[in-house]
Amino acid sequence: MKTPAIQTLGFIGGGNMAEAIIRGILSKGLFKPQQIVATDKSGERRDYLAKTFGIPVLSSNKEVLEKADAVLFAVKPQNIVDVMTDLRDHIRKDQLFLSILAGTRAATIEAGLASPQFPRPRVVRVMPNTPALVGMGMAGISGGTNATEADVDLAQSIFSSVGKVIVIEEVQMDAMTALSGSGPAYLFYVIESLIEAGVEIGFSAEESEEIVLQMVLGSAVLARESGKPVEELRRQVTSPGGTTAAGIAVLDAREVRDDFIAAVVAAEERGQQLGKLGR
Ligand SMILES: NC(=O)c1ccc[n+]([C@@H]2O[C@H](COP(=O)([O-])OP(=O)(O)OC[C@H]3O[C@@H](n4cnc5c(N)ncnc54)[C@H](OP(=O)(O)O)[C@@H]3O)[C@@H](O)[C@H]2O)c1
């Protein structure tokens, strides 16, 4: 993993995603604890981050801006306008801004941070997902108008520490959000349904959960490691006239595949709507 070209990385918003990223970059040795500064609105959360990671936790967003060479915004989209308004006049030359906010365009961040002194802030937009919490994330990265190749490289190094990374065009960000940002929820939905099904056919809830989680994990690892197309793996389990074929026939008859496609398309359209609202 490349050593980042910055000394100090700041986090504004210290919730779930920030915690996952901080854990990843520390465990991979990408930054030392003293090279990370963070803050959160909540005092309780600040204490938690300081205690958990031994990093300097500061009491205001401005202090983080003052100390950091690159600042990662990890607040909810509805909070970003206030955050940027507060910081805009205190930005230093050469600072980079990373945003993981869902549905908030790089151009919105650029406009929110632009000042007469620094009219062209450098912004990199990233769409991570919650499996980053266990180091198995998938993140899409795209540079804003003024971002350099080195800025995108830095974002790649950071997010590679909590999973895989793909560099995409910003026009694909809503698609990334719909497929991989929201994706864990679709799979959790399937997992919940299968656990319920297990109970329906006679297992206890605990047994069913254990069986389903191991089966899902094993299937994902097999799909990745076998080198075979997923469709072939599915066919291998589906003997004509057998048990799996009976199950798949029900899914096909109910057009469940189309439903999944429709769900992802709906999520992508919602991302576009939210982007237009300037979130
Ligand atoms: N979770 C996901 O699956 C996911 C995936 C991709 C992208 N994202 C994006 O990641 C961002 C963070 O998500 P998350 O799940 O980590 O949310 P989260 O756990 O709610 O974390 C956000 C944190 O920011 C704090 N905060 C709010 N306003 C602030 C301010 N003005 N200054 C400093 N801190 C402030 C919040 O404190 P309070 O709770 O006290 O308000 C909260 O602790 C969101 O923009 C989301 O769109 C999330």
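This report walks through two domains, the contact between them, and a few helices with the residues at their ends. Keep in mind that the model is predicted.

Let's start with the overall layout. The domain assignment splits the chain into domain 1, covering 9-170, and domain 2, covering 183-274. Measuring between their C-alpha centres puts the two domains 34 Å apart. Where they do touch, domain 1 brings six residues to the contact and domain 2 brings five residues.

How much area is buried between domain 1 and domain 2? The answer is about 330 Å², with carbon and sulfur atoms giving 55% of that. On the domain 1 side, the residues that lose the most area to domain 2 are Gly103, Arg105 and Lys164, and together they make up 66% of what that side buries.

So what kinds of residues does domain 1 put against domain 2? They divide into one nonpolar, three polar and two charged. Even with charged residues on that side, the rule finds zero salt bridges across the interface of domain 1 and domain 2. Polar contacts give a matching picture: zero residue pairs turn up across this interface, counting pairs with both residues at pLDDT 80 or more.

Salt bridges do show up elsewhere, though. A search of the whole structure turns up seven salt bridges. One pairing of side chains to look at is glutamate 19 with arginine 23, which meet in a salt bridge at 3.4 Å, N to O. Both residues sit in helix H1 (residues 16-27), four residues apart, and that is about one turn of the helix.

Next comes helix H2 (residues 43-53), whose N-terminal end is capped by serine 42. A side-chain oxygen of the serine lies 3.3 Å from the backbone nitrogen of glutamate 44. At the other end, just after H2, you'll find glycine 54 with a positive phi of about 65°.

Further along the chain is helix H9 (residues 205-225), which has 21 residues. From first C-alpha to last, H9 reaches 30 Å, close to the 30 Å expected at 1.5 Å a residue. Glycine 227 follows H9, and its phi is positive too, near 75°.

Here are the two glycines side by side:

| Helix | Glycine after the helix | Phi |
|---|---|---|
| H2 (residues 43-53) | glycine 54 | about 65° |
| H9 (residues 205-225) | glycine 227 | near 75° |

How values were computed: Residues numbered from 1 in each chain as written. Predicted model: local features only at pLDDT ≥ 70, side-chain atom pairs only at ≥ 80, totals over all residues. Heavy atoms only, no water. Domains from an automatic or database assignment. Contact = heavy atoms within 4.5 Å. Buried area = accessible area lost by both parts, 1.4 Å probe. Salt bridge = Lys/Arg side-chain N within 4 Å of Asp/Glu carboxyl O. Polar contact = N/O pair within 3.5 Å; in protein donor to acceptor, adjacent residues only side chain to side chain. Nonpolar A, V, L, I, M, F, W, Y, C, P; charged D, E, K, R; others polar. Helix = DSSP H or I, 4+ residues; strand = E, 2+ residues; numbered from the N terminus. Expected span 1.5 Å × (residues − 1).
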